[in-house]
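Subject: A structure to look through

Hello,

I am passing on the structure we talked about, and I would be glad if you opened it and kept it beside this message while you read. My notes on what was found follow below.

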Amino acid sequence: MPELPEVETIVRGLIIQMQTPIITDVTIYFSKIIADHQPDEFRDRVIGKRIIKITRRAKYIVFHLSENWYLILHLRMTGKVIIARDGQKASRHDHLVLHLDNGTQLFYNDTRKFGRFYLTQNPAEKLGKLGPEPLGEDFKFKEFSRKLKSTQRIIKAVLLDQTFVAGMGNIYTDEALFEAGIHPEQPTSTLSRQKQKKLFTAIQNVLRKGIQNKGTTLGEGKPNYVSSDNKSGSNQHSLQVFARTGLPCPKCQRSIKKIVVAQRGTHYCSNCQRLRKK
DNA sequence: CCATATGTTACTCG
DNA sequence: ACGAGTAACATATG
């Protein structure tokens with residue numbers, strides 16, 4: 001669920017809510033979510049450290065701790081980070097709690113238990129292979145264009161590849177391809193320069209809009225994504241094709257189709273996004 | 001029971 | 001080497 005805009009929203013919320021607390025205790029209910037440490041070792045290394053800074057890289061949340069330690073969190077499909085007041089009890093699917101010295105606790109909740117914490121002094125090991133941040137200065141058209149030309153893969157698979165561009169997931173990929181008018185199965189090397197440009201811009205547009213709307217929250221009753229203050233986003237109301245199967249295309253009014261591409265549910269307009277031979 | 005789900009990665013096959 | 005496809009992780013929902 002959480003893609004770049006959702007993780008960015010969470011991080012911005014955490015920065016406002018947390019300041020720079022010291023971690024006074026750690027409760028671990030499900031130790032497999034810690035990727036690289038035994039629970040006791042993890043607690044020993046984390047307790048007493050100060051959270052100096054919180055940043056985002058791709059879909060990772062990076063807690064910068066004192067003494068050059070980094071606590072890196074990936075939420076995968078259903079991970080949530082919620083700040084709550086001291087005294088709040090852990091509930092269903094809470095797997096780890098950071099107790100802080102500012103009167104709050106950070107709960108890590110994850111229905112499907114796919115998320116992972118990485119505790120390291122060498123963050124580049126985990127983050128170094130990621131592609132450019134699409135909203136950062138290192139995302140350059142010239143390089144983007146060159147890489148698109150250099151592979152035979154289909155465009156949807158490439159946009160989901162975190163080493164190509166970092167932070168895109170299934171929702172924003174479908175949205176960007178719709179905005180650019182590109183068929184999800186179009187081989188990247190066949191994209192015209194004009195389509196490359198459109199896609200380059202569309203990626204940034206859909207992500208910026210997602211952040212402005214504080215993320216996409218799908219599902220009724222039990223929201224799949226909430227920010228760190230437990231609020232839903234509103235970007236679901238701005239989606240053009242994702243989760244709109246059978247509804248009219250915003251451009252041509254024809255019915256939005258859903259197919260499987262790169263093993264993922266893929267929403268698109270077969271009229272506005274034509275597969276073209278080159 | 002079956003299919004599906006917003007992510008990632010290891011593995012197999014051609 | 002490359003790229004596509006599959007399974008796995010684990011749980012909930014329709």
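To begin with a single residue, is Arg-57 buried or exposed? Please keep in mind that this is a predicted model. Arg-57 has a relative accessible area of 19%, and because buried means under 20%, Arg-57 counts as buried. Its place is in strand E2, which covers residues 51–57. The side chain of Arg-57 reaches the backbone oxygen of Gly-131 at 2.8 Å, and a polar atom of that side chain also lies 3.3 Å from the backbone oxygen of Leu-130. If residues up to four places away in sequence are left aside, Arg-57 touches Leu-127, Leu-130, Gly-131, Pro-132, Glu-133 and Ala-166.

Next, please turn to strand E8, residues 116–120, where five of the five residues are buried, so that the strand is largely enclosed by the rest of the structure. In a regular strand the side chains alternate between the two faces of the sheet. Both faces of E8 are covered, with Arg-116, Tyr-118 and Thr-120 buried on one side and Phe-117 and Leu-119 buried on the other. Strand E4, residues 70–74, runs antiparallel to E8 and is joined to it by five bridges, and within this pairing Leu-71 of E4 stands opposite Leu-119 in E8.

The nonpolar cores come next. The largest one has 30 residues, of which Leu-14, Ile-61 and Phe-63 touch the most other members, and its largest share, five residues, comes from helix H1, residues 4–18. Not counting residues up to four places away in sequence, Phe-63 touches a list of residues that includes Leu-14, Met-18, Trp-69, Leu-71 and Leu-106. There is also a second, separate core of 27 residues, and among them are Ile-155, Leu-177, Phe-200 and Ile-203.

Finally, please look at DNA strand C, which has 13 residues around it, with Lys-32, Arg-92, Arg-112, Lys-113 and Thr-151 coming nearest. Of the atoms of DNA strand C that come within 4 Å of the protein, sugar and phosphate account for 67%. The residues of the surface near this strand divide into six charged, five polar and two nonpolar. An N or O atom in the side chain of Arg-92 is 2.2 Å from a phosphate oxygen of DNA strand C, while a polar backbone atom of Gln-152 is 3.1 Å from a phosphate oxygen of the strand. For Gln-263, a polar side-chain atom lies 3.4 Å from a phosphate oxygen of DNA strand C.

With best wishes

Note on methods:
Residues numbered from 1 in each chain as written. Chains lettered and ligands numbered in written order. Predicted model: local features only at pLDDT ≥ 70, side-chain atom pairs only at ≥ 80, totals over all residues. Heavy atoms only, no water. Near = heavy atom within 4 Å. Polar contact = N/O pair within 3.5 Å; in protein donor to acceptor, adjacent residues only side chain to side chain. Nonpolar A, V, L, I, M, F, W, Y, C, P; charged D, E, K, R; others polar. Core = buried A, V, L, I, M, F, W, Y, C linked by side-chain atoms within 4.5 Å. Buried < 20%, exposed > 50% of the residue type's maximum accessible area, 1.4 Å probe, protein only. Helix = DSSP H or I, 4+ residues; strand = E, 2+ residues; numbered from the N terminus. Contact = heavy atoms within 4.5 Å. Pairing = 2+ DSSP bridges.
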